[in-house]
Amino acid sequence: MNIYNSIMTGLTKAVAYEQGKGKAKHASLTVEPLPDFQASEIREIRVRTGFTQAIFAAILGVSPKTVEAWEAGTNRPSGSAKRMLSLIRSDPELIEKYHLVTEN
């Protein structure tokens, strides 16, 4: 289906719905909760990817001291860092797939 037909189909359905002649689509989504990471798990993820603390920190958008503190257990990641760690743990090749590091 080309873009024009796709738009026209959507508009036709919207008009029908507004006139009480159609049903609206309903989607229910569940967002996976953020996992908690132990210091050893963070180090394991980093070592499995083969990066130093400094490079791993740059990939995650945090300072090297932050990764050091996570691995020492003095601090814990939060928010987007947890999500990113979870994604990398699930797919260690994610970093290369999305060109987050490049060789010079």
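I started with the pockets in this predicted model, and the largest one holds about 150 Å³ of space.

Next I looked up what surrounds that space. The lining of the largest pocket consists of Lys13, Ala14, Ala16, Tyr17, Gly22, Lys23, Ala24 and Lys25. I sorted these lining residues by type and got four nonpolar, three charged and one polar.

Then I turned to the nonpolar core. The largest one has 15 residues, and those touching the most other members are Ile45, Phe56, Leu60, Trp70, Leu85 and Ile88. I checked which helices feed this core: α2 (39-49), α3 (53-60), α4 (64-72), α5 and α6 (94-97) each supply at least two residues. The biggest share comes from α3, which gives four residues. A handy reminder for my notes: nonpolar side chains tend to be buried together in soluble globular proteins.

I picked Leu60 for a closer look. Leaving out residues up to four places away in sequence, Leu60 touches Trp70, Met84, Leu85 and Ile88.

My last stop was Lys82, which sits in helix α5, residues 79-90. Is Lys82 buried or exposed? Its relative accessible area is 15%, and because the cut-off for buried is under 20%, Lys82 counts as buried.

I also wanted to know which side chain makes a polar contact with the side chain of Lys82. The partner is the side chain of Asp36, at 2.8 Å. Beyond neighbours within four places in sequence, Lys82 is in contact with Leu34, Pro35, Asp36, Phe37 and Pro77. Asp36 therefore goes into my notes twice for Lys82, once as a polar partner and once in the contact list.

Key. Residues numbered from 1 in each chain as written. Predicted model: local features only at pLDDT ≥ 70, side-chain atom pairs only at ≥ 80, totals over all residues. Heavy atoms only, no water. Buried < 20%, exposed > 50% of the residue type's maximum accessible area, 1.4 Å probe, protein only. Polar contact = N/O pair within 3.5 Å; in protein donor to acceptor, adjacent residues only side chain to side chain. Contact = heavy atoms within 4.5 Å. 1 Å grid on protein atoms, 1.4 Å probe; cavity = no way out; pocket = protein on both sides within 12 Å on 5 of 7 lines; lining within 4 Å. Points joined across faces, edges and corners; volume = space filled by probe spheres on them. Nonpolar A, V, L, I, M, F, W, Y, C, P; charged D, E, K, R; others polar. Core = buried A, V, L, I, M, F, W, Y, C linked by side-chain atoms within 4.5 Å.
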